Amino acid sequence: MGILFAFGALFAWIGGDFFIQRSTRKVGDWETLFFIGAVGLVGIFPFVRTELPALFANQEQLVFLLTLSVITLVAALFLFEGVKRGKLAVIEPVYGLELPFTVAFSYIFAREYLPAYVYLLIFMVFAGILLTVAKHLTHLHFHKTILEKGVVWAGIGSIGMGLMNYLWGVGSQTISPLATIWFVHSFLAIACFLYLFLHGKLTILASHFRHGITNVIPASIFDNLAWTFYGYAMTLIPISIATTISESYIAGLVLIGIVINREKVAWHQRLGIVLVITGTALISWWFGQ
């Protein structure tokens with residue numbers, strides 16, 4: 001079931017990122033993040049309302065979830081700023097660093113010890129992701145691209161995302177997946193609402209929703225589903241395994257571009273897709289055994 005939930009997160013993130021990209025271009029970053037948070041706040045509330053009194057009475061859990069929420073918001077803002085300042089083709093491979101950071105945090109803090117060959121498979125998936133998103137191999141020369149605009153922002157954002165993934169797993173395991181996603185997305189909705197209010201953008205929020213509804217609604221539903229699946233996966237399998245499988249959605253997006261949009265891909269991107277699929281399949285088989 002843990003493997004199935006991880007694959008559920010993979011497919012939900014493929015749909016989520018597709019519509020999030022279209023939504024951010026149509027209505028904006030903060031607006032999209034607000035709608036995603038609002039759907040989580042309202043949609044998940046009926047399923048967690050009985051947990052909330054105990055949650056808000058537990059100071060330790062409350063501090064933990066507030067910390068996770070702040071890290072999530074800050075990491076997202078750094079990633080957005082990286083894309084805004086830099087070239088997407090250069091920035092995307094930096095995002096792939098999220099996976100090894102998550103694995104490292106899980107190893108150091110959660111004492112998740114896996115067999116050596118499983119770490120090799122995780123590295124295979126990571127290498128495949130980098131090859132898949134890099135349109136040119138020169139974009140993988142990190143010692144040179146570190147000087148490119150936006151790379152430092154994206155790098156810090158990737159570290160934040162790695163820490164966020166680990167903490168999300170801890171929250172799902174110690175509190176509950178739904179309570180964790182509800183709290184974090186409620187925090188994002190409130191934070192984005194305050195930002196839009198302070199910048200005088202609330203008056204056009206309804207207009208943005210009407211004009212972008214065909215992208216905003218699917219983006220919000222898919223993203224909340226993805227985090228829910230991801231949370232449940234981490235209650236059943238190690239955080240490292242759940243993250244490796246679900247992170248493969250990046251290669252899935254490239255595959256969609258090839259099949260639907262008939263995009264041309266370089267040989268190294270094809271190799272990357274093969275590595276991701278092979279590594280993910282072997283990890284799933286190993287855990288199933």
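In which helix is the place of Asp223? The legends below, which describe a predicted model, take up this residue after an overview of the chain.

**Figure 1. Overview of the all-helical protein chain, with 14 helices and zero strands.** Read along the sequence, the predicted chain follows the pattern α-α-α-α-α-α-α-α-α-α-α-α-α-α. Of its 289 residues, 54% count as buried, and the accessible surface comes to about 14,000 Å², of which 70% belongs to carbon and sulfur atoms. Among contacts with a separation of 6 or more, residues 24 or more positions apart account for 86%.

**Figure 2. Close-up of Asp223 and Asn224 in helix H11.** The place of Asp223 is in helix H11, which covers residues 205–236, and Asn224 lies in that helix too. Asp223 has a relative accessible area of 9% and therefore counts as buried, the cut-off being under 20%; Asn224, with a relative accessible area of 6%, is likewise buried. Leaving aside residues up to four places away in sequence, Asp223 touches Trp13, Ile20, Ile36 and His185, while Asn224 touches Ile36, Val39, Gly40, Ile44, Ile181 and His185. Ile36 and His185 thus appear in both lists.

**Figure 3. Close-up of the second largest pocket, with a volume of about 190 Å³.** The elements that give two or more residues to its lining are helix H1 (2–26), helix H13 (249–259) and helix H14 (267–288). The lining consists of Phe7, Leu10, Phe11, Ile14, Ser248, Ala251, Gly252, Leu255, Val276, Ile277, Thr280 and Ala281. By class, nine of these residues are nonpolar and three are polar, whereas no charged residue takes part in the lining.

**Figure 4. Close-up of helices H1 and H10, viewed for their end-to-end spans.** H1, with 25 residues, reaches 35 Å from its first C-alpha to its last, which is close to the 36 Å expected at 1.5 Å a residue. H10, made up of the 22 residues 177–198, should span 32 Å at 1.5 Å a residue, and because its end C-alpha atoms are 32 Å apart, the model agrees with that expectation. Each helix is followed by a glycine with a positive phi: Gly28 follows H1, with phi near 115°, and Gly200 follows H10, with phi near 65°.

**Figure 5. Close-up of Gly82 in helix H4 and its placement relative to Val151.** Gly82 lies in helix H4, which runs over residues 59–85, and counts as buried because its relative accessibility is 0%. Although Gly82 and Val151 are 69 residues apart in sequence, their C-alpha atoms are 6.2 Å apart in space.

**Figure 6. Close-up of Arg111 in the loop between helices H6 and H7.** The loop that holds Arg111 joins helix H6 (98–109) to helix H7 (116–133). Arg111 has a phi near 55°, which is a positive value in a residue other than glycine.

**Figure 7. Close-up of helix H12, a mostly covered element.** Helix H12 spans residues 239–247, and nine of its nine residues are buried. The buried residues of H12 are Ile239, Ser240, Ile241, Ala242, Thr243, Thr244, Ile245, Ser246 and Glu247.

Methods. Residues numbered from 1 in each chain as written. Predicted model: local features only at pLDDT ≥ 70, side-chain atom pairs only at ≥ 80, totals over all residues. Heavy atoms only, no water. Helix = DSSP H or I, 4+ residues; strand = E, 2+ residues; numbered from the N terminus. Buried < 20%, exposed > 50% of the residue type's maximum accessible area, 1.4 Å probe, protein only. Contact = heavy atoms within 4.5 Å. Areas by Shrake-Rupley, 256 points an atom, 1.4 Å probe, with all protein chains shown as cover. 1 Å grid on protein atoms, 1.4 Å probe; cavity = no way out; pocket = protein on both sides within 12 Å on 5 of 7 lines; lining within 4 Å. Points joined across faces, edges and corners; volume = space filled by probe spheres on them. Nonpolar A, V, L, I, M, F, W, Y, C, P; charged D, E, K, R; others polar. Expected span 1.5 Å × (residues − 1).
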